[in-house]
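Visitor: I'd like a close look at one part of this model, the sheet. Could you walk me through how it is put together and then point out a few other spots worth a glance?

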Amino acid sequence: MKELDSAVQNRINQWLKGEYDEKTKSTLQEMLDDKNFDELTEAFYKDLEFGTGGLRGIMGVGTNRVNKYSFGMATQGFSNFLKKNYPNEDIKVALAHDSRNNSDQLAQVVADVFSANSIKVYFFEDLRPTPELSFAVRKLGCKGGVMLTASHNPKEYNGYKAYGADGGQLVAPNDKMVMEEVQKITDMSEVHFQGNDALIETIGDEIDEKYLDALVDLSISKDAIEDQSDLKIVFSPIHGTTGTLVPEVLKRMGFKNVITVEEQMSPDGNFPTVVYPNPEEKEALDMALQKAKEVDADLVMATDPDGDRVGIAIKNKEGNFVLLNGNQTGSLIIDYMLTAWDKSGKITGDEYIVKTVVTSYLLDRIAEDKGVECYNTLTGFKYIGELMTKLEGKKKFIAGGEESYGYLIGEHVRDKDAVISCAIIAEMSAYHKSQGSSLYEAMIEMYLEYGLFREQLISVTKKGKSGGEEIQQMMMNFRVNPPKKLGGSQVVIIKDYQTSKKKNIATGEVFEIDLPQSNVLQFITEDGSIVSVRPSGTEPKIKFYCSVNTSLMSAEDYGPAVATLDKRIEIMTEALQNKD
């Protein structure tokens, strides 16, 4: 790029002339002097926007970057919203951050802006996981909360997740109303950065204790844990926030043989031992798997930096560790919880589970068999939290989850919770071992009963301004010219969540979809395969979720059946990615 777009140049000029600190202006001037026009365009061509996970971006100078000013504006806008929404009330918020670089300084900026707006801030003394922030909002009677995290993104990223009074992430219309308040801010002088220390209260151990008590109360197989208290568990927080809480909750539940991956226990925003701190990636669990082999462990668990996702590995019949994907782990959790509730006679017809539309429909089958309602929401755990709040006091939530390795058991929070997930995964591992079985064998039994489901997520990255436009064009092409066949099977139903329409291709009938509008397409084939397509709300990606299934007649058929289904997915994904 030889020169800057005039709109980008105008934004840069506002920063050079406005109320920004000298270090920021100096960095910006150096970028101009070095003619880093591509980088400057990326940094200034737009403002950071709320997606399914809130505000998230690369740290640096610019309107499209994470810095004290973008977070300051977000907090000022959030403050303005809270004051309008709760007039003449004493407003309280909770604030936490994870282990990412600059998170502690950025959190202080957020605390200062809230307090400068006469809002009481409960500020965690040190890093804490996302679910504990949600718990604190609910426990302390707050009107809102903020968690600074970029989840499992690379080290260059940070983010800002805004929460409502129910402890769930903001949803429509409140998320848009907050952004409207942010957009009304036309000059940085409108952001109140001078904090009021009298309104900032440090919190920590007391909330930890209440949170841990709530988790331990959710245990449902205490006898099995007592019988298998020496279950060998290898755990890693991957340099994140759960290094204290997960070992502690496992200890309190009765597990005495938890082995941690010492090289990954210290919080570090550079995540020095992994490429990405993402438990969905095998590489992120390599050190934990190596440790597990050394000590002959029964179970491997690793969480992401902000402690809301967990990846696990279990032993197959040959004694080799296999990684489970999010759908497999989620299905095992739901099967374990609903079976336990069923056996104890606790299912009355008022219970429910929740999943997202791109999560395995195996969960729907399990719930139907157990007489428990299964709700499907849009992608993003905030929608699960929203439904939980809507049904609070009317129906009983047992558990929920999404394919991206995020699960929740119990009603103590309104976000995915890797701490309670680790506790329940360890417990169900102990339960199956106490029955002379294993998690792996329980998974095969589940498939024999309900059908073998295989899912795969394909993400295609399209970076920058042009990438965003390309993703929009791809979605438009899928709407205008949808696939007629996938994996050799005829497409029979198309669901467009943006128009809220479900169309039967054979009959032409059109039905309404009772969910908020969202840029998601689903293609359902004659053989029951499902492909969902959507742009990521937090990353420059378009995502293809493929799900196929078949009946499984015997445990011996598992390997060949998996190979057949995986081949079908391969054919489907190739066709989708090569589609014009």
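Guide: Here is a tour that starts with the sheet and then moves on to a pocket and a buried residue. Keep in mind that this is a predicted model.

Okay, the sheet. It is an open one, built from five strands in the order β8-β7-β9-β10-β11, and the pairing is mixed. At the edges you'll find β8 (258-260) and β11 (321-324); each has a single partner strand, so one side of each is left without a neighbour in the sheet. Going from one strand to the next, the twist averages 25°.

Now zoom in on β7 (residues 233-236) and β9 (residues 299-303): these two run parallel and are joined by four bridges. Look for S236, which stands opposite A302 in β9. Lying across β7, β9 and β10 (310-315) is helix α15 (residues 418-434), which runs at about 175° to β9.

Next, the second largest pocket, with about 550 Å³ of space. It is lined by 24 residues, and the closest to its centre are D47, T63, M73, I185 and M188. Two or more lining residues come from each of α1 (6-17), α4 (68-85) and α7 (174-184), with α4 giving the most, four residues. By character, the lining divides into twelve nonpolar, eight polar and four charged residues.

Last stop: E132, in helix α6 (residues 130-139). E132 is buried, with a relative accessible area of 0%. Leaving aside residues up to four places away in sequence, E132 touches F124, I207, D208, Y211 and L245.

Definitions and conventions: Residues numbered from 1 in each chain as written. Predicted model: local features only at pLDDT ≥ 70, side-chain atom pairs only at ≥ 80, totals over all residues. Heavy atoms only, no water. Pairing = 2+ DSSP bridges. Axes fitted to C-alpha atoms, helices over the stretch in contact; angles between N-to-C directions. Contact = heavy atoms within 4.5 Å. Buried < 20%, exposed > 50% of the residue type's maximum accessible area, 1.4 Å probe, protein only. 1 Å grid on protein atoms, 1.4 Å probe; cavity = no way out; pocket = protein on both sides within 12 Å on 5 of 7 lines; lining within 4 Å. Points joined across faces, edges and corners; volume = space filled by probe spheres on them. Nonpolar A, V, L, I, M, F, W, Y, C, P; charged D, E, K, R; others polar.
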